[in-house]
Amino acid sequence: MFARIRNLREDNDMTQKQVAEYLFCDQSLYSKYERGQREVPVAIIIKLAALYGTSTDYILGLTDNKQPYEK
């Protein structure tokens, strides 16, 4: 999961600071999420999925399909 959130950020040409601002957290905390030093809360995973237009299952590594599910 940690590599996926880093790869999604980089694929979208965003900095850790930009993502942290979107999540209303410090850049240092977000950096810890990407390095696997802190568990990522479910609410953050949901926000990241919305930001990147993907599913939470993709972020969690349960699927390799980046497309979000239909509502």
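Visitor: How many salt bridges does the structure hold?
Guide: This is a predicted model, in which local features need pLDDT of at least 70 and side-chain atom pairs count only at pLDDT 80 or more, while totals for chains, interfaces and linings use all residues. Residues are numbered from 1 along each chain as its sequence is written, and side-chain values use heavy atoms, with hydrogens and water left out. A salt bridge is a side-chain nitrogen of Lys or Arg within 4 Å of a carboxyl oxygen of Asp or Glu. The number of salt bridges held by the structure is 4.

Visitor: Which residue meets Asp-64 in a salt bridge?
Guide: Asp-64 lies in the segment after α5, and its partner is 60 residues away in helix α1. Helices here are DSSP runs of H or I with at least four residues, numbered from the N terminus. The side chains meet at 2.6 Å, N to O, and the partner is Arg-4.

Visitor: Is Arg-4 buried or exposed?
Guide: Buried means under 20% relative accessible area, exposed over 50%, and partly exposed in between, with a 1.4 Å probe and protein chains only. The relative accessibility of Arg-4 is 19%, so this residue counts as buried.  Asp-64, by contrast, counts as exposed at 64%. For Arg-4, the answer is therefore buried.

Visitor: Which residues of helix α1 are buried, Arg-4 being one of them?
Guide: Helix α1 spans residues 2-11. What covers its buried residues includes α2 (16-23), α3 (27-35), α4 and α5 (56-60). The buried residues are Arg-4, Ile-5, Leu-8 and Arg-9.

Visitor: Which residue of helix α3 ties to Arg-9 in a salt bridge?
Guide: The two side chains meet at 2.5 Å, N to O, in a salt bridge between Arg-9 and Glu-34. Because Arg-9 lies in helix α1 and Glu-34 in helix α3, the pair ties together parts that are 25 residues apart in sequence. Both residues are buried. The residue in α3 is Glu-34.

Visitor: How far apart are the closest N and O atoms of Lys-66 and Asp-11?
Guide: Lys-66 lies in the segment after α5 and Asp-11 in helix α1, so their salt bridge ties together parts 55 residues apart in sequence. Lys-66 counts as partly exposed at 38% relative accessibility, and Asp-11 is exposed at 54%. Their closest N and O atoms are 3.6 Å apart.

Note on methods:
Helices (H or I, at least four residues) and strands (E, at least two) are DSSP runs, numbered from the N terminus. Contact means heavy atoms within 4.5 Å.
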